[in-house]
Every structure is written in structure tokens, then in C-alpha cells.
Amino acid sequence: MAVATGNSFASRFGVHIAVLVFVAIWTIPTLGILVSSLRDKNQIIASGWWNSFASSTQTEAGRLPAASAQIEKDGKFVLEGNIFGDGAARDISAYGVKSAAPTQYPAGTTADLGDGVTLQLNGDGSFVMTSPKAFEGDRGQRIYYASSAPPKFTTDNYRTVLFSEGIGRSFMNSLTVTIPATVIPILIAAFAAYALAWMRFPGRALLIAVIIGLLVVPLQMSLIPLLKLYNGVGAFFGMPSKTYLGIWLAHTGFGLPFAIYLLRSYIAGLPREIMESARIDGASDFEIFVKIVLPLSFPVLASFAIFQFLWVWNDLLVAMVFLGTEADQIVLTAKLNALLGSRGGDWEILTTSAFVTIIVPLIVFFSLQRYFVRGLLAGSVKGG
Amino acid sequence: MAAQIFSAIFVIIVGVGGCVAYFWGANRLVDLIFPSRGVAGAAAIDNLRRQGLVRPWLFVGPAMIILTIYLIYPVVETLRLSFLDRSGINFVGLANYQWAFGDREFRNSILNNIVWLAVVPAACTFLGLIIAVLTDKIWWGTIAKSLIFLPLAISFVGASVIWKFIYEYRGEGQTQIGILNAIIQHFGGQPQVWISLPFWNNFFLMVILIWIQTGFAMVILSSALRGIPEETLEAAVIDGANPFQIFWKIMVPQIWGTIAVVWTTITILVLKVFDIVLTMTNGQWNSQVLANLMFDWMFRGGGDFGRGATIAIIIMIAVIPIMVWNIRQANKETGGH
């Protein structure tokens, strides 16, 4: 018996550890960009984000003052000062004068630069350079040093991407695309779903089958014909072919099969008695739909709205085909994709932009998870 | 920008108002043309019947029109375009298909797609199932599930940036800021440029989709597991089955139907995978897939609609078996309702 309890304790412990590992693997990637987006941009490239609470060491370059700042002291010419000026002091551990050997001399030691010229750089950034001959030229000595800076967190990255990288504008564009593209399909789908669930007409079964078939038709099938159609319509009316109206309708079209499918299966499950008693009281289909079906269907309408919102907000393909790439039309996902190309190594820009693009879905998702899960279950357990 | 916001609000009002006006107006119109109240009995019954004939079509009409324009017509048109040349004017027969199967890039894409299809649905379903079973046993399972579910809300592009940061490469001996290379270097390994490693780079892209979709599989399978009757599990425990036997011989067979649904859903998603490949590699280093290749041909050199359409048709052909299965399944369930 004791063995059995011990065994089950060990196995229960194992389950906790296993789940912890899974949770870690699934959250660490997102945590990485969140932490990085809040770090100083020099520190992002100097140390891994998991070290962001430790001081980071980085190699920097500077220039000593020009010859005009020299003073004569004891027959020698001297340049004195602090390379950090009045700026934030960092701890210097080593320095050098050649880019190939930026940490040749430990801080506080005197380096012999030849011809009797000596340089000493101290840990706090103060330096003394002496020479038996007068310094010349209006460019000072190039100097390299390894400094360690305390952890620095900042919201500067957010300010930069929102206001100068165009992410703020794209955020508005994404909202402009998403909200109408979420609202418009709901009503259209709800009426169709009611008719398919509760009205009798020839061809209904066929229509349902067609809609279930359309559920899985790849978007790729629609792109070229619609692009041609939009170009044609645009040319015919002398309008641009890439418009918000165009993408609203496109998202409506692509979202409709799922909307009708999801709403129909829910509406078909509403109790028959309610409909029939309303009908006996003389209510028409229209009244039944507006006064009974719509209010009762609120949960499934919410589910669909969340789905459609997330899908449209996160979409890249439709936006790239049906919207332009100018500042007034480019949505967040497309902008992020463009930044990946143009700002490839600038992780402070990329991580911050990425976090801005995912923050809205995360909020929607966390606050409305219940509806989301319900929709997921209704939408996939039964078929598609 | 203000104009843009106003136009969006305006469209919401006009769009929703238009829908309401249409449905209400059309409904009124039917009532006016075929009055059922205030007319003689026989005529009222006649008119009611006519109303019943017309009204359903008013309800499904707008949806049918939009579906026809945005999905049904394009399917037919894409099929037609796949037999035409790049301009979409001259008939070329099967030339596009011949080109496709002779093209190195296309064959590479098909091959990669097959690997994606073999790995991603299986990995998501398997991991999702394991996590669903494990989280069911612990008190903080709901929180754990929530966190694993979270990537499902993240866009493929966002996820690509997240993982690109993980795969970030710096030369050997330098401070690695990508966590994967940092771990490798910490244990004395050699840092790698993961997304350009021949063949294996595909797997590093697949990881992203698995990371996103496992939560989906987990939620669906978790709810199916809850549906297994307690008695079955208890009986198995009494009969002395160990946890592995319970899992493989009792749980898995009972939720087989749900596993199939999860598998097919992710399979369809994999066939359409585009964003991840576009943002991570854009098909370089032999990581191309069909959906991205199709997008590429839509615009390459001014766009070759014939070839683009052909690739779309090939993706569609892969989807058709699942489509047929779905329709059959739905017919069985509704029983013609």
C-alpha cells in the first residue's frame, strides 16, 4: 500500500512537472518579445532578454576631444575629461584604441600608444592622455571600451513604433478593416441561418450541403478571380480597385459559410415549442426571427463575432491582395511583414511592433474566452 | 485619418442599416403583395402559401448573392483560368499543369506540403491530447490550458516575429540573443542559422504552426474527454488497467471521431499555410509551400494568373476528400432536417 501511495505521489508530481514544462514552452516565446519590447535598444542586442535583469556588457566607441582642448602641464601636453560627459555613467571594464582590439587594456591601466603618448581610461569614464609633443588635428583619438550598464527598461520603443514607424496609423487601419468586416456578416448570416433551420423551401438541403462544402474551400481559389473582378470594376467606374469597401465585402464573403454554419446549427437547436406557440399567436417569420430567435442566439452571435474579429485582425493574405501598401491602407499584419523586410535586425522595432499587433487579439481572447471556446466546440465538433 | 474613421463608422451604420432596411422592407413588401389579413378566407390561405414560397428566399437571398460572387463564381473561374495562359485570354490546355509538375520549385513545394501534412496535424493532435489528459488531473489545469491556448489568438505574422527572435543567429562565440542558439551555445554546441538549414528548416517553420494550433486541438479533445462516461474509466481502474492502458485502450477509441475532426481541420489549415512561410523565409532555402508559391505567381513578373490558378486548383484537389466527408457527415447528423 505504501508503495502504491508513493508511486501515485511520484506520478502526480510528474504530471505537475510535465504540465509546467508545456506551459513554459508555450509562454516563453511570447514573454520574450514582451520583455524585449520594454528594453533599451542597445541592451537588446547586447544580451539575451532572459538576462535583462542583469547588467549587460557592450562594446561602445567614442572619440576623445580634439587637439584644441589640450593644456600644457609640466612640459607635457595633456587632454583630460570624461568620455561620458554629463551623461549616465557606466562601468568601464576595459578599453582600446583599435576596433580590432576594443578591450586591449583593462580600465585604470595606462596604455602606451607609441611616441611617448600615453592614455589612461578609468572605470568611471575619466581619461588622461599625455604627449611630449602638442596634439594636432581637429579630430580626437578614436577610443573603444567595454562598458556594463545596469538593466534599463523603457517605453521609448513603443513611442517610436507608434508615432514614427507608422504602426499607430496601421493600428487604425486594422480597426477600420476589422469592425465593419465583423458586423456586416452577422445580420446577413443570421437571416440565412434562420431560413435554413426553420423554414421549408425546395433546395434547402442542397443549400446546406453547398455551405458545408464552401467551409473548406481554400481562400486561394478566390483570390485571382476576385482580383480580376475588382480591377475590372475599378477600371469601369474609374475608381481605385483597392478600397476598404472591397476588403469589407471580401471578408464578409469569406466569413459567411462559417457564420451560416455556426448560427444554423445553434438556431436549429432552439426549442420548437417557442416558435410554434409564437406562430399560433399570429407572429410572422420575420417577427419570430427578430423577437425570439435573435435574442436567444446572443451567445452564438458573440462566438461568431469573436472568431471573425480575430480572423480579420490577424489576416495577412486578404489584406495583401485587396488593400494597398500605402500608409493610409496598410494594416498591422502587412506592416509587420514589411518591417521584417526593411528593419530585419532591429529587434526593438520588431518586438514592439509585434506586441502591438497581438495585444488586441489577446485582450479580446482573454476577456471573451468563454464565448470563443463555445464557438470552437460548436464549429468543429460537428463537422468542419 | 479622421475621414477614414468617419467613413468606417458611416459604413457600419449604412451596412447594418441597409441590412435591416432590406430585411424589414422586403418582408413588408411580401405582406403587401400577398395580404393574409383582411381578405376572404380562401384568398388569405392562398396568399399565406405564396408568402411561404417567397419569404425564405428573401432571407437567404443576400447570403446567396455574396457567396456566389465571393466563393462559387471564383471556384469556377479559377478552374477556367488554369487552362488559360498568363494573360487569361488564350487557351493553353493542360500546359500549366505540365509546367507545374516539371517545375523544380513546384515539386519542392509539393514535397514540403506533404511533410507539413504528415507532421503538423499529427503533432498538434498528439500534443493536444496529452496536454488535455494531463491538465485534467491537476488543480491549476484551467490556467495551464488558458496559457497553452493563448497563441491561437496570435496572428501568423506575429508568431513568425516571435519565433524569428527565438531562432536569431549570431556568429559563434558572440553573445546569442536568440534563446535557441543561446541554449545550444551554453551546452557547448555550435549556433546554427536555423531557418536556412537545408530540409530541417521546414521543421523550424512547422514548429510555429504547431505552437499555434496545439491549443485548438487541446480544447476540442479536452471537451471530448469530459464526455467519456465515468463508469467506463472506473471499470477499467477496477480491472487493474494502468494509466497507459486507460489512455490508449479506453480514452482514445472513445473520442476517435473528435480526433478525426481535429485532424482534418488542421489538415485544411496546413494546406492553406502561407503567412508563416512568407514572413520567415519567403520560400528561400527550399522551404516553399503551395499557398505561398501561388501568391508568388499571382504577382511575379506582373502576375501569371494561369499558373497561379493551377496551383490553387491543386490545393483545392487536396481539400476535396475532406469536403466530401464533411458533407456526408453533416447529412448523416441532420438526417435531412
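The following legends describe close-up views of a predicted model.

Local features are reported at pLDDT of at least 70 and side-chain atom pairs only at pLDDT 80 or more, whereas totals for chains, interfaces and linings use all residues. Residues are numbered from 1 along each chain as its sequence is written, and chains are lettered from A in the order in which they are written.

**View 1. Domains of chain A.** Chain A is divided into domain 1 (2-52), domain 2 (56-149) and domain 3 (158-381), with bounds from an automatic or database domain assignment. The C-alpha centres of domain 1 and domain 2 of chain A lie 44 Å apart. Their contact (C-beta atoms, placed from the backbone, within 7 Å) takes 5 residues from domain 1 of chain A and 4 residues from domain 2 of chain A.

**View 2. An open sheet in chain A.** Four strands (DSSP runs of E, at least two residues, numbered from the N terminus) follow the order S1-S9-S4-S5 with antiparallel pairing; pairing requires at least two DSSP bridges between two strands. Strand S1 (56-63) and strand S5 (105-106) of chain A each have a single partner strand and stand at the edges, so one side of each is left without a neighbour in the sheet. S1(A) is joined to strand S9 (residues 142-149) of chain A by 8 bridges; A:Arg63 has A:Arg142 as its bridge partner in S9(A).

**View 3. Helix H12 of chain A and its cover.** In this helix (residues 332-342; helices are DSSP runs of H or I, at least four residues), 8 of the 11 residues are buried, that is, have 20 or more other C-beta atoms within 10 Å of their own C-beta atom, placed from the backbone. Among them are A:Leu332, A:Ala334, A:Lys335 and A:Leu340. The cover of these buried residues includes helix H4 (167-198) and helix H13 (347-367) of chain A, together with helix H6 (156-167) of chain B.

**View 4. Nonpolar cores.** The largest nonpolar core (buried Ala, Val, Leu, Ile, Met, Phe, Trp, Tyr and Cys residues joined through C-beta atoms within 7 Å) has 184 residues, and those touching the most other members include A:Ala189, A:Tyr194 and A:Ile260. H4(A) gives the most to this core, with 18 residues. Not counting residues up to four places away in sequence, A:Tyr194 touches A:Ile267, A:Phe289, A:Val293 and B:Phe59. Another core, of 14 residues, lies apart from the largest one and includes A:Ile92 and A:Tyr145.

**View 5. The interface of chains A and B.** In this interface, 90 residues of chain B are in contact with 91 residues of chain A. Helix H2 (residues 41-81) of chain B gives the largest share of the chain B side, 17 residues.

Terms used:
Buried ≥ 20, exposed ≤ 12 C-beta atoms within 10 Å, placed from the backbone. Contact = placed C-beta atoms within 7 Å.
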